[in-house]
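Could you walk me through this model in the viewer, one selection at a time? I would like to know what to click on next and what is there.

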Amino acid sequence: MVVGFLTVFLFAQPDQVRTGAQKLVDTDFAILQGHRVGLVINHTARVGDRHLISLVHEAPGVELTIIFGPEHGIRGTEEAGEHVKDGVDVETGAPVYSLYGDVNRPALTMLEGVSALVFDIQDVGARFYTYISTMGLAMQSAAEAGIPFIVLDRPNPLGGMYVAGFVLEKEHTSFVGQYPIPVAHGMTVGELARMIQGEAMLDGLGDLELLVVESDGWQRDMQWPDTGLPWVDTSPNVTSFETALVYPGTCFFEATAASEGRGTDEPFLVVGAPWVDAEAMASELNGRSIPGVRFESVSFTPEPIAGRDTRPKLSGEEAYGLRLHVTDRREYRAVETGMYILEVFQAMGGDAFITRPGWLDRLGGTERLRQMLLGGISAEEIIRAWKDEVAEFLELRAPYLLY
């Protein structure tokens with residue numbers, strides 16, 4: 001049942017995509033007039049060449065009260081997994097509290113005097129990208145404080161049609177998986193917020209006043225290059241649309257003995273390990289005619305990179321493996337491609353390949369992926385194993401779609 005939310009329509013659809021944040025600015029912050037505002041935000045909250053923090057701070061009739069930052073911080077400079085410290089925003093003087101450290105949701109004491117909580121963060125469309133976990137937990141805080149939660153919607157870079165991967169099982173809930181959704185969910189953050197509330201995916205949201213300011217001009221078959229919007233690095237190692245496109249498949253390598261490309265100029269686009277026969281692996285995968293991608297055999301040596309990863313896996317060791325070249329972004333299927341790559345790495349690496357089994361279960365949302373890989377199950381069979389649950393998810397999400 002869909003309950004408790006309000007969708008805000010401010011414009012007819014224009015010729016070019018206009019984000020929720022742009023629409024907020026274009027209406028002179030009408031829905032925030034008279035409010036003491038808290039922002040859940042990071043560096044991706046751009047309107048043209050300006051940051052929304054500055055624009056809210058300058059807006060007449062609106063008071064910027066407090067800022068909350070997710071993983072990587074409000075400026076997007078902190079490494080993956082690193083706790084982010086509290087502080088003060090130099091430009092506005094507003095206190096900044098981290099939601100990726102000792103706490104992961106705003107405390108009621110932090111929200112004293114706040115009359116509206118606004119979320120504006122660019123997601124990449126993968127369940128284990130932690131910004132959507134931050135959003136849901138902040139929704140709980142807003143509900144507890146009795147204040148509206150406003151989502152300024154932005155396009156899903158992967159589009160709204162592509163959905164793949166196992167649906168998260170409850171026992172594997174974590175900060176990299178808060179909701180029973182597939183790895184690639186094909187939803188915007190605004191749509192997902194509606195679904196989190198409507199399907200009671202988190203407790204205490206029944207009476208939350210949820211408002212979504214839609215993007216104008218975005219359609220479900222649009223990927224990022226179709227939006228006309230400039231790319232802003234969503235995190236230190238997701239530095240291009242091409243990286244975001246492959247990320248839902250190659251992120252699984254975080255749980256293995258192989259490098260996922262951190263410590264190189266092409267994180268998630270290259271994967272490899274010292275023991276890999278790269279030419280044989282590339283030949284094997286290219287022979288399978290996997291849609292939308294070509295594999296090149298490469299060697300690379302991960303090295304510490306300030307601001308991106310100062311402790312990359314296999315640092316200083318030469319690794320051999322693959323460079324992914326997406327040849328058709330519309331045909332490319334990231335999660336499925338990831339399964340094919342995992343299969344051949346598992347065959348070469350054997351029992352020593354999966355080094356962080358618990359992390360693989362969290363990323364996969366299930367133990368089944370790990371068990372199937374260890375059991376020598378083919379990528380085709382793994383992909384077939386999630387088809388029914390993805391079909392059920394597509395039916396479940398339908399009432400919450402905005403585009």
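Begin by selecting Ile121, Gln122, Asp123, Arg154, Pro155, Asn156, Pro157, Met187, Thr188 and Val189, which together line the largest cavity of this predicted model. Switch on a surface for them and look at the space they enclose: about 50 Å³ lies in the largest cavity. The structure holds 1 cavity of 30 Å³ or more. If you colour the lining by class, you should find 5 nonpolar, 3 polar and 2 charged residues.

Keep Val189 selected, since that lining residue also belongs to helix α4, which spans residues 189-198. Is helix α4 mostly covered or mostly open? Mostly covered: 10 of its 10 residues are buried. Among the buried residues are Glu191 and Arg194, as well as Leu192, Met195 and Ile196. Glycines appear in the buried set too, namely Gly190 and Gly198. Just past the helix, click on Ala200 and check its backbone: Ala200 has a positive phi of about 50 degrees.

Next, go to Asn237, in the loop that runs between β10 (210-213) and α5 (241-250). Why does Asn237 count as buried? Its relative accessibility is 4%, and the limit for buried is under 20%. Show the residues around it: beyond its neighbours within four places in sequence, Asn237 is in contact with Thr243, Arg262, Pro267, Phe268 and Arg308. For Arg308, draw a distance from the side chain of Asn237 to the backbone oxygen of Arg308, and the viewer should give 3.1 Å. Then try a C-alpha to C-alpha distance from Asn237 to Asp265: these two are 28 residues apart in sequence and 8.8 Å apart in space.

Now select strand β11, residues 270-273. Which residues point which way from this strand? Val270 and Gly272 point one way, Val271 and Ala273 point the other way, and all are buried. Add strand β13 (residues 319-326) to the view, and you will see β11 and β13 pairing in the antiparallel sense over 4 bridges. To pick out one of the pairs, highlight Val270 together with Arg323, its bridge partner in β13.

From there, move to helix α7, residues 334-349, and click on Leu342. Leu342 is buried because its relative accessible area is 1%, against a limit of under 20%. Setting aside residues up to four places away in sequence, Leu342 touches Phe252, Phe253, Thr256, Phe353 and Leu373. One of these, Phe353, is 11 residues from Leu342 along the chain, with 9.5 Å between the C-alpha atoms.

Step along helix α7 to Glu343. Is Glu343 buried or exposed? Glu343 is buried, because its relative accessible area of 18% falls within the cut-off of under 20%. Apart from neighbours within four places in sequence, Glu343 is in contact with Arg288, Leu373, Ser378, Ala379 and Glu380. Leave Leu373 on screen for a moment: Leu342 touches Leu373, and Glu343 is in contact with Leu373 as well.

The last stop is Thr134, in helix α3 (residues 131-145). Thr134 is buried, with a relative accessible area of 0%. Show its surroundings to finish: leaving aside neighbours within four places in sequence, Thr134 is in contact with Val40, Pro70, Leu99 and Phe175.

Key: Residues numbered from 1 in each chain as written. Predicted model: local features only at pLDDT ≥ 70, side-chain atom pairs only at ≥ 80, totals over all residues. Heavy atoms only, no water. Helix = DSSP H or I, 4+ residues; strand = E, 2+ residues; numbered from the N terminus. Buried < 20%, exposed > 50% of the residue type's maximum accessible area, 1.4 Å probe, protein only. Contact = heavy atoms within 4.5 Å. Polar contact = N/O pair within 3.5 Å; in protein donor to acceptor, adjacent residues only side chain to side chain. 1 Å grid on protein atoms, 1.4 Å probe; cavity = no way out; pocket = protein on both sides within 12 Å on 5 of 7 lines; lining within 4 Å. Points joined across faces, edges and corners; volume = space filled by probe spheres on them. Nonpolar A, V, L, I, M, F, W, Y, C, P; charged D, E, K, R; others polar. Pairing = 2+ DSSP bridges.
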